[in-house]
Amino acid sequence: MSEAVVAETAETSNQREERRNNRGDRRRNERRNNRAREEEKDKFVERVVTINRVSKVVKGGRRFSFTALVVVGDGNGMVGVGYGKAKEVPAAIAKGVEEAKKNFFRVPRIDERTIPHRVQGEAAAGVVMLRPATAGTGVIAGGPVRAVLECAGIHDVLSKSLGSSNQINIVHATVAALKQLEDPKSVAARRGLPADEVIPAYLRNTPKAGA
């Protein structure tokens, strides 16, 4: 066997080995990325509030698309709302989740379970009133409001929808209400008072549910 043939055979073997290594690296990277996505997904609580089918009439017939209103939170004071639109339901939900993560905001809480004071939020014709509650009360709310509050990690609260029954308006009204909440510590510092004095009396020193 000539030296040229031997060199060509060696080069071909090296190329095969390199391709095999590249395939292995790609598979490992894919598994690592999938694992990272699963871990990130486990960190958040996702609630699909509503899915709506939209049809568009064109020359050849109808074209359908779907919209999804999604609430995402970490169950520990962070929550966001997103609205996704796509030709398939899973894609619409995925877009809604991504948008919700971009719109995260922090909700002040007392004892990591209830809101610090009464508040009312409005969005279009939707009006939602939220009131703090003692430990063990639970989330007294309808479906759209409950989804936002549970994702935000609020476990004891009273709520009432006073306006439109449109789920999108109710969710945005709930978000508007939560954004109006003020942290008792910052209010106390502004007024020059102890933090306990700005917390409602019936919420002071209240044991957590199950304690």
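## Order of the elements

Starting from the N terminus, the elements of this protein follow the pattern α-β-β-β-α-β-β-β-β-α-β-α-α. That gives five helices and eight strands, all seen here in a predicted model.

## The protein as a whole

The protein has 211 residues, and buried residues make up 34% of them. Its accessible surface comes to about 13,100 Å², with 47% of that belonging to carbon and sulfur atoms. Among contacts with a separation of 6 or more, 58% are between residues 24 or more positions apart.

## An open sheet

A good place to look next is the sheet. Four strands form an open sheet in the order β1-β2-β3-β4, with antiparallel pairing. β1 (45-58) and β4 (105-106) each have a single partner strand, so they stand at the edges and one side of each has no neighbour in the sheet.

The partnership of β1 with β2 (residues 61-73) is antiparallel and runs over 13 bridges. In β2, S65 is the residue that stands opposite V54.

Two helices lie across β1, β2 and β3. Helix α2 (residues 89-102) does so at about 145 degrees to β3 (78-86), while helix α3 (residues 143-152) runs at about 135 degrees to β1.

## A look at helix α4

Why should helix α4 (residues 167-179) span 18 Å? The helix has 13 residues, and at 1.5 Å a residue the expected span is therefore 18 Å, in agreement with its end C-alpha atoms, which are 18 Å apart.

At the start of α4, a side-chain oxygen of N166 comes to within 2.9 Å of the backbone nitrogen of I168. Further along, the buried residues of α4 include I170, V171, V175 and L178, as well as N169 and T174.

Definitions and conventions. Residues numbered from 1 in each chain as written. Predicted model: local features only at pLDDT ≥ 70, side-chain atom pairs only at ≥ 80, totals over all residues. Heavy atoms only, no water. Expected span 1.5 Å × (residues − 1). Buried < 20%, exposed > 50% of the residue type's maximum accessible area, 1.4 Å probe, protein only. Polar contact = N/O pair within 3.5 Å; in protein donor to acceptor, adjacent residues only side chain to side chain. Pairing = 2+ DSSP bridges. Contact = heavy atoms within 4.5 Å. Axes fitted to C-alpha atoms, helices over the stretch in contact; angles between N-to-C directions. Areas by Shrake-Rupley, 256 points an atom, 1.4 Å probe, with all protein chains shown as cover.
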